[in-house]
Amino acid sequence: MNESQIKQLIKRIVEEVLIRLSGFGGYKTLALMSDMSAHMSEACEYLVGKSALAAIFGEAQEPADIDSRRVDTDEDKRNLLTAMRSANEVVLVAPSLTRLCAVANGEECCFAATVFEKAILNGKKTTVLLDFVPPKFKRGTLFEKAINAVDALRDMGVTVVYLN
């Protein structure tokens, strides 16, 4: 190995150690939880066995069945973005309709949406766990927003899973 390769290796090792020390590293799936849901047990069933870490934002409840970390500080946010680079899958768990539409339209309404959008842009496997099933009827209703958002996300390669 030449000196440049050794420096690259050391840099990667240091980055990995820092990620693991931050509490966000070593996980293959990052679950972004920014909203409350009545279907948290179903979301946990989806995530169990996937080496998942739940990144908890705001008032979202912490799941009992998987590891979780609160994202409160700027350092937490940086660590989460760094950990996303090595994750295989990023999951947006039970987003509100506002957050779902924002992500579908590329609006950065909150940090969880920003992380999910970056995962889409980086070609990561991305999944949205919805705690509702949009009905088929839509013309000019609230349902039209939900259907259009889900369709837009699917067009971007996002997998949509219904929890109920």
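This report walks through the central sheet, a helix packed on it, an aromatic pair and the cysteines of the structure above.

The model is predicted, so local features need pLDDT of at least 70 and side-chain atom pairs count only at pLDDT 80 or more, while totals for chains, interfaces and linings use all residues. Residues are numbered from 1 along each chain as its sequence is written, and side-chain values use heavy atoms, with hydrogens and water left out.

## The sheet

Let's start with the strands. Helices (H or I, at least four residues) and strands (E, at least two) are DSSP runs, numbered from the N terminus. Two strands pair if DSSP finds at least two bridges between them. In this model, 6 strands form an open sheet with parallel pairing, in the order E3-E2-E1-E4-E5-E6. Strand E3 (67-70) and strand E6 (159-162) stand at the edges with a single partner strand each, so one side of each has no neighbour in the sheet. On average, neighbouring strands of this sheet are turned by 25° against each other, direction ignored; axes are lines fitted to C-alpha atoms, for helices over the stretch in contact, and angles run from 0 to 180 degrees between N-to-C directions.

Strand E4 makes a good place to look closer. Strand E4 (residues 89-93) runs parallel to strand E1 (residues 29-33), joined by 5 bridges. E4 also pairs with E5 in the parallel sense, over 5 bridges. Some of the residue partners are listed here.

| Residue in E4 | Partner |
|---|---|
| Valine 91 | Alanine 31 |
| Valine 90 | Leucine 30 |
| Valine 90 | Threonine 126 in E5 |

How many residues of E4 are buried? The count is 5 of the 5, so E4 is largely enclosed by the rest of the structure. Here, buried means under 20% relative accessible area, exposed over 50%, and partly exposed in between (1.4 Å probe, protein chains only). Glu89, Val91 and Val93 are buried on one side of E4, and Val90 and Leu92 on the other, so to speak covering both faces.

## Helices on the sheet

Contact means heavy atoms within 4.5 Å. Helix H2 (residues 40-47) lies across E1, strand E2 (52-56), E4, strand E5 (125-130) and E6, and runs at about 175° to E4. Helix H5 (residues 111-121) packs on the sheet too, touching E1, E4 and E5, with its direction at about 135° to that of E5.

In H5, 9 of the 11 residues are buried, so this helix is largely enclosed by the rest of the structure. Among them are Phe111, Val115, Phe116 and Ile120. The cover over the buried residues of H5 includes E1, helix H3 (74-86), E4, helix H4 (97-104), E5 and helix H6 (142-155). Just after H5, glycine 123 takes a positive phi of about 75°.

## An aromatic pair

Rings of Phe, Tyr and Trp (its six-membered ring) pair if their centres lie within 6.5 Å; planes under 30 degrees apart count as stacked, over 60 as edge-to-face and the rest as tilted. The count comes to 1 aromatic pair. The ring centres of phenylalanine 57 and phenylalanine 111 are 6.3 Å apart and their planes stand at 50°, so the pair is tilted. Phenylalanine 57 sits in the loop between E2 and E3 and phenylalanine 111 in helix H5, 54 residues apart, so that distant parts of the chain are linked. Both phenylalanines are buried.

## The cysteines

A disulfide is a pair of cysteine sulfur atoms within 2.5 Å, and the structure holds 0 of these. For cysteine 44, the nearest cysteine sulfur is that of cysteine 110, 19 Å away. Cysteine 44 counts as buried at 3% relative accessibility. The sulfur of cysteine 101 is 9.9 Å from the closest cysteine sulfur, in cysteine 109, which is too far for a bond. Cysteine 101 counts as buried as well, at 13% relative accessibility.
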